Amino acid sequence: MIEVRGLVKAFGVKPVLRGLDFQVDEGEFVAVVGPNGAGKTTLLRILASLARPTMGAVSLAGLQLPAQSGAARKILGVVSHQPLLYGDLTADQNLRFFGRMYGVADLDHRIPEVLDIVRLSPRRYDLVREYSRGMQQRLAIGRGILHRPRLLLFDEPHTGLDPDSADMLDDLLTKVAGEGRTVVMTSHDLTRAGELASRVDILSGGKIAHSAKRGELEPGELNSLYYKVTRG
Amino acid sequence: MAEEVGAVGRVGSKSAAGGYLRAVGAILWKDIAAEMRSRELLGSMLVFAFLVILIFNFALELDLRVRQTVTSGVLWVTFAFAGTLGLNRSMAIEKDRGCLDGLLLAPVDRSALYFGKVLSNLLFMLIVAAIILPLYSLLYNVNLFLPGLIGVIVLGSIGYVVVGTLLAAMAVQARTRDILLPILLFPVILPVLVAAVRATTGILQGLPLEDYQAWLNLLIAYDVIFLGVAIVSFDYIVEE
Amino acid sequence: MEPIPRNLKILTGITIALFLIALYMVFIYAPREAVMGDVQRVFYFHVAAGWVGAVAFLVTAIAGGVYLAKRDRKWDRVAVASVEIGVVFIFINIVSGAIWARPIWNTWWTWDPRLVTATIMLLLYLAYLMLRQGIDDPDRRARFGAIYGIVAFVSVPITFLSIRIFRTIHPVVIGSGDPTAEGAFDMTPPMLQAFMFSLLTFTFIYMTLLWYRVRLGRLSEQVEERKMEMMSI
């Protein structure tokens, strides 16, 4: 599904990603963790076709980025830690707008369907600026899945959420991923990452320093492995 | 609940052109809907325009005789300044909440984003003009309801917005965002202002068409040339 | 510290020589103009400076375009260097224009299309530099600079045209009565020679300065790189 080889991304003279290799099979849920500034968001933005690689090959479902990013965007759903929503519009209007931009045909049917999945149906006609952070995040996920994408990219989705909202988000993530979708999620939160994902990759020094599948490690081991890899 | 993963809009996006136009229309609709709710764009533009006219009144002593020659200049300076407010705000909305990313993720050609923004900026500018003109007429007892005048305002606004949207997309990403747009925009937009003011004066003074035809031609040429430049350049502004 | 390349040293030498010869030609070789007197000699450098300013602008626009196509940072360095040099020369053009205008028309400023356009160009240049200054990401800075360079360059001929039309329809009361004459005078052959030679000299000055400035840009980027490397150890 995702194939990244030798990815280099530099901002001016500063290299952030230094020859990164990364692979995700269809249906996998991969969490990418790492210290601040490690390049998690950069990697995600490149996968989302929002940034161009300085060097290296990136392909999604066989489509080359950046050459075929137009086609790639059709199968991509992105949820950033910023909500990407218009505060002055209602949830319904926001979804309708993005639906039109993405060419989703059956909006009248699809919008209530999505709102149901993210459990925001009662707030359909409320202004987004009146939503709490947790609700905005859920609506953002709704926007992300509106066009039925095969691949979902989440950039630190738990940022700014209180524990209850974060738990609700986890349920949602598991449900959304469980429908055959491929998910890549970056996160600060090792524990949640370990619970949600089928694989955890540690990004450090501009590359994937270690990859651990679920079941390979005991719960506490992930933490100590993380510290060893990122400090060493 | 099982859904068809991977099946994007089944009926709607039959043709690429249809998708393109739909995206442009969606952006226009979105800006109108948001503006109807908050009214911050139009509100600030109108208040500012009114203040500028007021200041001109005291600065220039617009007595009856002077008014004849100075009206078109005052109007266009007002539009130019109020316009930068609208342009800045319109782009800032997209940038601040990261909404620009949301737009960039849509599977449409990037120029659709540009056109959508140009259309909504143009609409707001024309709405401001539609309110300022009668206001000015009232305040200074000048008849501004001439059909040729509407045409000049449309042509001039198009040129202004075409270049302004492009430059605003850049300015909004700089640290010095607010002051930068006028500095970038005004030198480039000068031909539009000169031509629009001259053509407006010609119309107000009831001169025959051939007296100000050259200005109209200049406006049209400017609009066409910069539309071309903008379409090609916009991609480079939003890619990373 | 990288030594100055041999060719650049040769070019610098040639440029200095040309400049000295130009000074001689302008102040001694060219005859005193009958009507305006010695102040007319400003004309030679005035036009040459304007010429360089326009060329610099063109180079910036083209270098920007090439950068967008090739993404080689070198072109961006050329674009910036050209703008910086262009600012100086356009400024010289405007000031020398004022110096020339004062004794002849008793005014510092004439609304001559060329003079106004030169001023607009100066504003565009400065806006270009301010745009770049407000952006931290080097890649974005280069891209935006390239786009504005092209937009600005395209606008100059249109601006010139619009002021031209303005002047033919609305002659200005103060200043020269003839809107299109910029102190017209007939050039005798020695004057023409001085004029052409000044153009040549200034072109050489431009190329030399450009080379130095591009080199400076490259070296300073190398310094930045080293700093980054040092900090991450």
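# Interfaces and elements, chain by chain

User: In this predicted model, how many residues of chain A are in contact with how many residues of chain B?
Analyst: The model is predicted, so local features need pLDDT (the predictor's confidence in each residue, from 0 to 100) of at least 70 and side-chain atom pairs count only at pLDDT 80 or more, whereas totals for chains, interfaces and linings use all residues. Residues are numbered from 1 along each chain as its sequence is written, and chains are lettered from A and ligands numbered from 1 in the order in which they are written. Two residues are in contact if their C-beta atoms, placed from the backbone, lie within 7 Å. The two sides, chain A and then chain B, contain 34 residues and 33 residues.

User: Which element gives the largest share of the side of chain A that touches chain B?
Analyst: Elements here are DSSP runs numbered from the N terminus, with helices being H or I of at least four residues and strands E of at least two. Helix H2 (69-74), S6 and helix H3 (91-102) of chain A each supply at least two residues of this side. The largest share is six residues, and these come from H3(A).

User: How many residues on the side of chain A that touches chain B are charged?
Analyst: By class, Ala, Val, Leu, Ile, Met, Phe, Trp, Tyr, Cys and Pro count as nonpolar, Asp, Glu, Lys and Arg as charged, and the others, Gly among them, as polar. This side of chain A has 17 nonpolar and eight polar residues, and its charged residues number nine.

User: In the contact between chain C and chain A, which helix of chain C supplies the largest share of its side?
Analyst: This contact takes seven residues from chain C and four residues from chain A. On the chain C side, helix H5 (138-169) and helix H6 (189-231) each supply at least two residues. By class, that side has two nonpolar, no polar and five charged residues. Its largest share, four residues, comes from H6(C).

User: How many helices does chain C have, and how far does its helix H3 reach from first C-alpha to last?
Analyst: Chain C has six helices and zero strands, and its C-alpha trace spans about 70 × 40 × 25 Å along the principal axes. Helix H3 (residues 73-105) of chain C has 33 residues, and the expected span of a helix is 1.5 Å times one less than its number of residues, which gives 48 Å for this helix. Just after H3(C), C:Asn106 takes a positive phi of about 60°. The answers are therefore six helices and, close to the span expected at 1.5 Å a residue, a reach for H3(C) of 47 Å.

User: Over which residues of chain C does pLDDT stay under 50?
Analyst: The mean pLDDT of chain C is 84, and 91% of its residues reach 70 or more. Among its elements, helix H1 (residues 6-29) has the lowest mean (84) and helix H4 (residues 113-133) the highest (92). The stretch under 50, for which the model has twelve contacts beyond four places in sequence, is residues 173-181.

User: In the open sheet of chain A, which strands lie at the edges?
Analyst: Two strands pair if DSSP finds at least two bridges between them. With mixed pairing, the six strands follow the order S6-S7-S8-S3-S9-S10. Each edge strand pairs on one side only, and the two are strand S6 (76-79) and strand S10 (207-213) of chain A.

User: Which helix of chain A lies across S6 and S7?
Analyst: S6(A) and strand S7 (residues 151-155) of chain A run parallel and are joined by four bridges, with A:Leu76 standing opposite A:Leu151. Axes are lines fitted to C-alpha atoms, for helices over the stretch in contact, and angles run from 0 to 180 degrees between N-to-C directions. Running at about 170° to S6(A), the helix across both strands is H5 (residues 133-145) of chain A.

User: Is B:Ala129 buried or exposed?
Analyst: B:Ala129 has its place in helix H5 (residues 110-140) of chain B and, not counting residues up to four places away in sequence, touches B:Phe79, B:Ile153 and B:Ser157. A residue is buried if 20 or more other C-beta atoms, placed from the backbone, lie within 10 Å of its own, exposed if 12 or fewer, and partly exposed in between. Because B:Ala129 has 21 C-beta neighbours inside 10 Å, it counts as buried.
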